[in-house]
Amino acid sequence: MQVLYDKCAGLDVHKDTVVACVRTAKGRGASREIKTFGTTTKQLIELFDWLAANEVSHVAMEATGVFWKPVWRVLEGGFELTLANAKQVQNVPGRKSDVSDSQWLSELLAHGLIESSFVPPEQVQDLRDLTRTRRQLIRETTQHKLRIQKVLERCNIKMGSVVTNVVGSTGRAILDALIAGERDPIKLADLAQGSIKKRKWLALAEAVRGHVRSHDVFMLDVHLKTLDALDEQIERIGQRIVEVMPEPFRQATRRLSTIPGVSDRVAETILAEVGIDMKVFLTHEHLVSWVGLCPRMDQSAGKKRSRRIRKGSPWLKPVLVQAAWAAIGKKDSYLRSFFYKLKSRHGPKKAIVAVARKLVIAAYYILRDGVEYHDLGSGHLDNLDKTRISRRLVQRLKGLGYEVELR
């Protein structure tokens, strides 16, 4: 097998140690030098100097948690770095050690057998930290809302059966009154706002009649104050994203927001995960595969054993699926007609994943070409093949006993 890099290194990175193996090609063989370093900044600089003294040109390491990031920052700029997916560079079973792992990485790198993972620029990484933290906080708010609902059910207060959002304007007013000591159902129902007060006042008055103990009041107060604190931090992160986002990213956010179902928050998440430079992905299919919205390749003996979608980014794929559900709500749109066409044959789950894939493709070309989204219209699929559609409809009418003549 051809050797691409005469002097390269493989790093097995851990929390406290980095095992480095320098591979030097000599004729038909190779010599290897192995050394272990610590992970403090001083020791990582020693690693840099040792690799430079050995005239190493390329370095490979595994993406192990966050331990690789400080090593990457110290070595970046001095060497051609490759971040390997740990699943794709697994060593032979039964031969697992830190030394053998570093040797294996150097061997794979020397022959060009490691496909480098996508490492975004530092500016995009900072934006990614903000959007991911915001999503985690939003998940926590959902958990606390469910805990509030659990406390209310324990008190036999059925407000969730009448009010859509128990922490909305009406629900929050009632919860604050309960914490303040109000127990009269009439007075609690009078706190309703909007259409609830006009149409559901009597049902709400019956729903808020329950047995609330001091312990329940304490738990409601804890969850509500936690929700307020989380909402404050979510708002703070949103403001920080606007502050640190450069102008090209802001323009890209506005263009991505023209896609049906893609809000500003979804657009920010897309930019934080894939960046703004689409040269990293050769085609839109590479981006779809990286996100994890394409069928996996699982074929043996000429049979396709599985067509489930492959694993992808847990931060981006769920957001795109949620955006797809919002996109099909727009009437007379291409995505809506595309969804219902697939739903009749494959079911709603596969159809919505296909719509999410369409969103990724649209985002790819919007970011690559700097254009806005153009909807093809609900009749686009029918216009693609009028002959096939008319033939199918004629056959269906004949099956019902009609005689059909097309003009």
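Here is a conversation between two people looking over this predicted model.

Colleague: Let's start with the sheet: what is the order of the strands in the open sheet of five strands?

Modeller: The pairing in this sheet is mixed. Strand 3 (29-38) and strand 5 (80-84) each have a single partner strand and stand at the edges, so one side of each is left without a neighbour in the sheet. Neighbouring strands are turned by 20 degrees against each other on average, direction ignored. Read across, the order is 3-2-1-4-5.

Colleague: How many bridges pair strand 1 with strand 2, and in which sense do they run?

Modeller: These two strands form a hairpin, with three residues between them. Within the pairing, Ala9 stands opposite Val22 in strand 2. Strand 2 covers residues 17-26, and its pairing with strand 1 is antiparallel, over seven bridges.

Colleague: And on the other side of strand 1, do strand 1 and strand 4 run parallel or antiparallel?

Modeller: Strand 4 covers residues 58-62 and is joined to strand 1 by four bridges. One facing pair is Leu11 and Met61, the latter in strand 4. The sense of this pairing is parallel.

Colleague: Is strand 1 largely enclosed or open, and how many of its residues are buried?

Modeller: A residue counts as buried when its relative accessible area is under 20%. Strand 1 spans residues 7-13, and it is largely enclosed by the rest of the structure because that label fits most of its length. The count of buried residues is six of the seven.

Colleague: Which residue of strand 3 stands opposite Val22?

Modeller: Strand 2 and strand 3 run antiparallel and are joined by 10 bridges. Val22 also stands opposite Ala9 on the strand 1 side. In strand 3, the residue facing Val22 is Glu33.

Colleague: Two helices lie across these strands; at about what angle does helix 3 run to strand 1?

Modeller: Helix 1 (residues 41-53) lies across strand 1, strand 2, strand 3 and strand 4, and runs at about 165 degrees to strand 3. Helix 3 (residues 98-110) lies across strand 1, strand 2, strand 3, strand 4 and strand 5. Its angle to strand 1 is about 140 degrees.

Colleague: Which residue of strand 2 is linked with Glu107 of helix 3, 84 residues apart?

Modeller: Side chains of opposite charge can pair when their charged atoms come close. Here Glu107 and Arg23 meet in a salt bridge, at 3.0 Å from N to O. This pair links distant parts of the chain, and the residue in strand 2 is Arg23.

Colleague: Is Arg23 buried or exposed, and which residues share its network of salt bridges?

Modeller: Glu107 counts as partly exposed because its relative accessibility is 22%. For Arg23 the relative accessible area is 5%, so this residue is buried. The network of salt bridges links Arg23 with Arg32 and Glu107.

Colleague: Which residue forms a salt bridge with Arg154?

Modeller: The closest N and O atoms of the pair are 3.0 Å apart. The two residues sit in distant parts of the chain, with Arg154 in helix 4 (residues 122-154) and its partner in helix 9 (residues 214-244), 62 residues apart. Arg154 is partly exposed at 46%, whereas the partner counts as buried at 2%. That partner is Asp216.

Colleague: Turning to helix 5, is Thr170 buried or exposed?

Modeller: Thr170 is found in helix 5 (residues 169-180). Leaving aside neighbours within four places in sequence, Thr170 is in contact with Val163, Ala192, Gln193, Ile196 and Leu204. The relative accessible area of Thr170 is 3%, so the answer is buried.

Colleague: Where does Glu372 lie, and is it buried or exposed?

Modeller: Glu372 is in the loop between helix 15 (348-369) and helix 16 (380-384). Beyond its neighbours within four places in sequence, Glu372 is in contact with Arg255, Thr258 and Ile366. With a relative accessible area of 55%, Glu372 is exposed.

Colleague: Lastly, which residues make the nonpolar surface patch of about 340 Å²?

Modeller: One member, Leu400, is found in the segment after helix 17 (386-399). Leu400 counts as exposed because its relative accessibility is 62%. The patch is made by Leu397, Leu400 and Tyr402.

Terms used. Residues numbered from 1 in each chain as written. Predicted model: local features only at pLDDT ≥ 70, side-chain atom pairs only at ≥ 80, totals over all residues. Heavy atoms only, no water. Buried < 20%, exposed > 50% of the residue type's maximum accessible area, 1.4 Å probe, protein only. Contact = heavy atoms within 4.5 Å. Pairing = 2+ DSSP bridges. Patch = residues over 30% accessible without salt bridge, like charges linked within 9 Å, V, L, I, M, F, W, Y side chains within 5 Å. Areas by Shrake-Rupley, 256 points an atom, 1.4 Å probe, with all protein chains shown as cover. Salt bridge = Lys/Arg side-chain N within 4 Å of Asp/Glu carboxyl O. Axes fitted to C-alpha atoms, helices over the stretch in contact; angles between N-to-C directions.
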